[in-house]
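Let's take a walk through a protein together, beginning with the whole chain and then stopping at a few chosen places. Keep the picture in view and find each residue as it comes up.

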Amino acid sequence: MKNCKVWDSVVRLTHWGVALGIVLNGVVINDESKLHTRIGYTVIALVVLRLIWGLIGSHHARFADFPPDPAASMDQLSDMVSGRKHIHLGHTPLGALMIYNLWASILMIGLSGYMMTTIRFWGVEWVEGMHEIFANWVYFSALLHVVAVILESRRIGVNLPLAMVTGVKSVQSKKV
């Protein structure tokens, strides 16, 4: 086994901070409370930090390392169906699509949440509806993400959740 440093502290902090904020605002905190708003703005700040880090951060944190690539995503699906194992040190192609989906959706939650605090959009149903639709989409996407990470970890033999905690992926050196 070879230990490869993959996820730096900014990637891990933003990942787990966003996850915690989404869980708190979706399950624990009353959505009418000021704490809900503060947590929401914190999540948006973390996503913005991660987007900036995607431009200037470490190798696997940069967008160039995980571009949205539908063809590569189809190849990954083919690998999954056929049983081929391809270890990606950084994000997988499907993982990259999920990341971009989550970031865009979270930013839309933040935008609609902010709009609901303005005089112009206070009580406007379509804004509230947009906020709820994107929030539900993020919950669904996050659940799909967690299930996919668990299944992919088992399929390829790499503990992906542990790697997002420690920053290190343990992989068989001939598969990298």
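What follows goes from the overall fold to the start of the chain, a surface patch, the salt bridges and a buried serine.

Please keep in mind that this is a predicted model. The protein chain contains six helices and two strands. If you trace the elements from the N terminus, you meet them in the order β-α-α-α-α-α-α-β. The C-alpha trace spans about 60 × 30 × 30 Å along its principal axes.

How much of the chain is buried? Of the 176 residues in the protein chain, 39% are buried. You can also ask how far apart in sequence the contacting residues are. Among contacts in the chain with a separation of 6 or more, 67% are between residues 24 or more positions apart. As for the outside, the accessible surface of the protein chain comes to about 10500 Å², and carbon and sulfur atoms account for 68% of that surface. The chain also carries charge: there are 15 positive and 11 negative side chains, and the centres of these two sets lie 14 Å apart.

Now go to the beginning of the chain. Met-1 sits in the segment before strand E1, which covers residues 2-5. Is Met-1 buried or exposed? Its relative accessibility is 68%, so Met-1 counts as exposed. Look at what lies beside this residue in space. Met-1 and Gln-172 are 171 residues apart in sequence, yet their C-alpha atoms are 4.4 Å apart. Leaving out neighbours within four places in sequence, Met-1 is in contact with Ser-170, Val-171 and Gln-172.

Next, turn to the surface. A nonpolar patch of about 440 Å² is made there by Val-48, Ile-52, Leu-55, Ile-56 and Leu-107. Which helix gives the largest share of this patch? That is helix H2, residues 34-56, which provides four residues. One residue to pick out is Ile-56, found in helix H2. Ile-56 has a relative accessible area of 54%, and because exposed means over 50%, Ile-56 counts as exposed.

From nonpolar side chains, let's move on to charged ones. Side chains of opposite charge can pair when their charged atoms come close. How many salt bridges does the structure hold? There are two salt bridges in the structure.

One joins Asp-79 and Arg-84, with the closest N and O atoms 2.8 Å apart. The two partners differ in how they are covered. Asp-79 has 12% relative accessibility and so counts as buried, whereas Arg-84, at 44%, counts as partly exposed.

The other salt bridge is between Glu-152 and Arg-155, and here the closest N and O atoms are 2.8 Å apart. Both Glu-152 and Arg-155 are buried. How are these two placed along helix H5? Glu-152 and Arg-155 are three residues apart in helix H5 (residues 125-156), so about one helical turn separates them.

Our last stop is Ser-73, located in helix H3, residues 70-82. Ser-73 has a relative accessible area of 3%, so this residue is buried. Which residues is Ser-73 in contact with, leaving aside its neighbours within four places in sequence? They are Pro-93, Leu-94 and Leu-97.

How values were computed. Residues are numbered from 1 along each chain as its sequence is written. This is a predicted model: local features need pLDDT of at least 70, side-chain atom pairs count only at pLDDT 80 or more; totals for chains, interfaces and linings use all residues. Side-chain values use heavy atoms; hydrogens and water are left out. Buried means under 20% relative accessible area, exposed over 50%, partly exposed in between (1.4 Å probe, protein chains only). Contact means heavy atoms within 4.5 Å. Accessible areas come from the Shrake-Rupley method with a 1.4 Å probe; for residues, only the protein chains shown count as cover. Lys and Arg count as positive and Asp and Glu as negative; His and the chain ends are not counted. The place of a charge is taken as NZ of Lys, CZ of Arg, CG of Asp or CD of Glu. Patches are made of residues with over 30% relative accessible area and no salt bridge: like charges are joined within 9 Å, nonpolar side chains (Val, Leu, Ile, Met, Phe, Trp, Tyr) within 5 Å. A salt bridge is a side-chain nitrogen of Lys or Arg within 4 Å of a carboxyl oxygen of Asp or Glu.
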